[in-house]
Amino acid sequence: MEHARHVFRVLLVLLLVIVVVIVGRSFLVPKSFGMYGNYRYDNVPEQMAARPPLHGGARSCADCHDERSAVLAKGSHARVSCEVCHGPLGRHVKDGDVVAKMAIDRSPRLCGNCHRKIDGRPPKFPQVVFEKHVEGGLGPKGCLDCHDAHSPKL
Amino acid sequence: MPEITGYAFPNDIHVHWSLMIVMYPYITGFVAGSFIVTALYHLFGKNEFQPVARLSLAASFCFLLVAGLPLQLHLGHPERGLFVMITPNFTSAMAGFGILYSFYLMIVMLEVWFVWRGEIIQTARRSRGLKRAFYAALALGTYDTSPQALEIDHRAVKVLSAIGLPSACMLHGYVGFIFGGIKANPWWSTPLMPVIFLCSAAVSGIALLILVYQVTAKLGRRVIQADTVSAMARWLWFFLIITVTLELLEIIMLAYENSEEWHIISPLLTTRLQFSFISMQMIIGSLIPFILLFIVTVMNRYLHEKVRNTLTVMASLLLLLQVFSMRWNVVIGGQLLSKSFRGLRSAYEPHLFEREGILVAIVLFVLPFVILYVFDRLLPIEAPPGAHAPDPHGDAPPAAGVSPAA
């Protein structure tokens, strides 16, 4: 045993390294890690706080724009929420006050997001090839020449 | 944009696992391969490997220090690489990396310490000032070089080799597992993958050591041991046969089964990987070294020393290319085919100057040799004549490189 002193020393160093790793790891692993899975749970409330919701839902629009909402509810776009086309409520209203005018995109590109002809869309879904849809091409107001965006059926 | 033939999903046309992921198994392969050589001497009593036993252990250690770098370079956030050690997610195969790498590093460091302990102590005794303090710290303050202490060192090295060999196999087998476990990709998903990776690691490790041994012996004006070269050539030939057999078996199985996977793998091999697989991996990298090593092994006694050395060097160089091609064909090849099995993207061409480019890959390959040079300056790899080198098998092997060739 007298000649094995160096073996004990190296084992001691190894033990020390293992202890340092274990103790060091306990400092490095975040407190909420592993609460609900292999991730830091505190990240969830942090992300929620950093990103307040901007969308308010269709009902919040109806509070001020009930006429438009009524037209929308009767048309074929009844199941399309206002914010799908107009953008999130948060850009227009904050804490109940109007902070900016709602930007309205009247370009055919917006309509094309849903109605441009794509092979992957269900065949019964209304979709058009813009170039062929109107003889001579789209007019100055684009789709809105013929369709009301809130009740597009002719 | 890559050119597509057939049908490919939009998310299939990017090669996300780049040249760095080719370098990762390539470098890790040297780690495992070199350790196999050192274990052949320390564990299995192959005395003919004595001249390269220390070199192979040092090489394994130096390549191990670089093995994680390609992964770090591949990560968009390299600082997050540490998380695989701190909070491993065991549903991911990569979680094994932290555990296997750390454990193997610990074993190799311990073995290096026990093998070089005698010289560390001698240098500490001879030196003064800072140098003495450095070597005294390395020796952990104990200066016991009695025969009993050296015998304990020798036994410790044997035990560490016995633990290190399966650890090295696990470390590299696991690299193969990362690919073999991806069931969506027919070019990767085979239980043979870890075994192929491991055998080709042995090929690359032995080939590299043949080169380094002969180059360092030439530079140091030492005699190249004929027994050592012959033995390494024999083992290289053996592992080459096993590796290429397994690599071909995998493809023959796929071709014979002729299932839907083969209808994409066949065009992959004959078009996109035509050069890197058929020309490089199979003909230049396997067939020619097979013939060269066949000559060295079977006609050994008739060969002049210079011819033997030249043939083994040529075979080793070609085998380093073979193993690199194999890693390339697995890693990159597996990303050239669409998950729909109906299309291929054009070949991936890394740039010279980019984070995951050719220049960085060259630096990664050279870096272990730089570390090996520094290692040699601190702990001389060539054992000085009459040094307290542990004699693992009771019979005294010839001092490294000092006795004339057999």
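**Interfaces between the chains and within chain B**

Between chain A and chain B, the count of salt bridges is 0. The model in which this interface was examined is a predicted one, and the rule for polar contacts finds 6 residue pairs across the interface of chain A and chain B, with both residues of each pair at pLDDT 80 or more. On the side of chain A that touches chain B, the residues divide into 8 nonpolar, 3 polar and 4 charged, so that charged residues are present on this side although no salt bridge is counted between the two chains.

The extent of this interface can be described both by residues and by area. Chain A contributes 15 residues to the contact, and chain B contributes 19 residues. The area buried between the two chains is about 1,400 Å², and carbon and sulfur atoms give 73% of this area. Within chain A, the residues that lose the most area to chain B are A:H3, A:H6 and A:V10, which together account for 42% of what that side buries.

A second interface lies within chain B, for which the domain assignment gives domain 1, made up of residues 17–180 + 350–382, and domain 2, made up of residues 192–348. The C-alpha centres of these two domains of chain B lie 23 Å apart, and 39 residues of domain 1 are in contact with 32 residues of domain 2. Between them, the two domains of chain B bury about 2,900 Å², with 81% of this area on carbon and sulfur atoms. In domain 1 of chain B, the residues losing the most area to domain 2 are B:V22, B:Y26 and B:E48, and their combined share is 19% of what that side buries.

Charged and polar pairs also occur between the two domains of chain B, where the count is 2 salt bridges. In a salt bridge formed by B:R222 and B:E382, the side chains meet at 3.5 Å, taken from N to O. Across the interface of domain 1 and domain 2 of chain B, 7 residue pairs are found in polar contact, both residues being at pLDDT 80 or more. The elements of chain B that give two or more residues to the domain 1 side of this interface are helix 1 (19–42), helix 2 (50–67), helix 7 (147–180) and helix 14 (358–378). Helix 1 of chain B supplies the largest share of that side, with 14 residues. By class, the side of domain 1 that touches domain 2 in chain B holds 26 nonpolar, 9 polar and 4 charged residues.

Terms used. Residues numbered from 1 in each chain as written. Chains lettered and ligands numbered in written order. Predicted model: local features only at pLDDT ≥ 70, side-chain atom pairs only at ≥ 80, totals over all residues. Heavy atoms only, no water. Contact = heavy atoms within 4.5 Å. Buried area = accessible area lost by both parts, 1.4 Å probe. Salt bridge = Lys/Arg side-chain N within 4 Å of Asp/Glu carboxyl O. Polar contact = N/O pair within 3.5 Å; in protein donor to acceptor, adjacent residues only side chain to side chain. Nonpolar A, V, L, I, M, F, W, Y, C, P; charged D, E, K, R; others polar. Domains from an automatic or database assignment. Helix = DSSP H or I, 4+ residues; strand = E, 2+ residues; numbered from the N terminus.
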